[in-house]
Amino acid sequence: MSLVKWQIKRFNELSLAELYSLLQLRSEVFVVEQNCVYQDIDGKDEKAIHLLGEIEGELVAYARLFKPNDYFEQASIGRVIVKPSRRELKIGHELMYQAVNAVKTHFHETKITISAQLYLKKFYQTHGFVQTSEMYLEDDIPHIEMKKD
């Protein structure tokens, strides 16, 4: 049994504390840890549904999910993140399992596109994603497009 309590919320269902926690976690990893200055608050959070993974009230895992044509032509998963201090729990795979299932449940979609950081290619391959583009830079970080059908 997982230690993680998973929740799905639309933007307007997030409490202020939940929104603050998810933005803080995204900043901790995508801006500070990866030393990447970029605009994380991109105007897309309001279209997404948010997958929150908590342990004893602490946000430890997160992803945002989009229906087709809200980000890519297909449904998509993005901002996939596990809190650095909790990575030893190896919950990244559980996070992706939950995210893929949430796309199926909420959007009735099985085709999913992601923009993956290149170093995570093997991780996403274990979840059925295949590389569909050459490497490209997004915010000076190597990425590839990957799809799951």
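Reader: What relative accessibility does D139 have, and how is this residue classed?

Author: In this predicted model, D139 has a relative accessibility of 39% and therefore counts as partly exposed, since that class lies between the buried limit of 20% and the exposed limit of 50%. D139 belongs to the loop between β7 and β8 (141-148).

Reader: What is the sign of the phi angle of D139, and how should I read it?

Author: As a general idea, most residues other than glycine have a negative phi. D139, which is not a glycine, nevertheless has a positive phi near 55°. E56 is likewise a residue other than glycine with a positive phi, of about 50°, and E56 lies in the loop between β2 (49-55) and β3 (58-66). With a relative accessible area of 82%, E56 is exposed.

Reader: How should I read salt bridges, and how many are there?

Author: In general, side chains of opposite charge can pair when their charged atoms come close. The count here is ten salt bridges. In one of them the side chains of E33 and R87 meet, at 2.8 Å from N to O. That pair joins distant parts of the chain, 54 residues apart, with E33 in helix α1 (residues 16-33) and R87 in the loop between β4 (75-82) and α2 (92-107). E33 is partly exposed at 42% relative accessibility, and R87 is partly exposed too, at 33%.

Reader: Which residue forms a salt bridge with R64, and where in the chain are the two partners?

Author: R64 pairs with D42, and their closest N and O atoms are 2.6 Å apart. This pair also links distant parts of the chain, because R64 is in strand β3 while D42 is in the loop between α1 and β2, 22 residues apart. R64 is buried, with a relative accessible area of 1%, whereas D42 is partly exposed at 26%. Both residues belong to a network of salt bridges that also includes R26, D40, D45 and R79.

Reader: How many aromatic pairs does a search of the whole structure find, and how is such a pair described?

Author: A pair of aromatic rings is described by the distance of the centres and the angle of the planes. The search of the whole structure finds four aromatic pairs. Among them is the edge-to-face pair of Y124 and F129, with 6.2 Å from centre to centre and 80° between the planes. Y124 and F129 are both buried, and the charged end of K148 sits over the ring of F129, 6.0 Å from its centre. Elsewhere, ring pairs link F66, Y71 and F72 into a cluster.

Notes. Residues are numbered from 1 along each chain as its sequence is written. This is a predicted model: local features need pLDDT of at least 70, side-chain atom pairs count only at pLDDT 80 or more; totals for chains, interfaces and linings use all residues. Side-chain values use heavy atoms; hydrogens and water are left out. Rings of Phe, Tyr and Trp (its six-membered ring) pair if their centres lie within 6.5 Å; planes under 30 degrees apart count as stacked, over 60 as edge-to-face and the rest as tilted. Buried means under 20% relative accessible area, exposed over 50%, partly exposed in between (1.4 Å probe, protein chains only). A charge sits over a ring if NZ of Lys or CZ of Arg is within 6 Å of the ring centre and within 35 degrees of the ring normal. Helices (H or I, at least four residues) and strands (E, at least two) are DSSP runs, numbered from the N terminus. A salt bridge is a side-chain nitrogen of Lys or Arg within 4 Å of a carboxyl oxygen of Asp or Glu.
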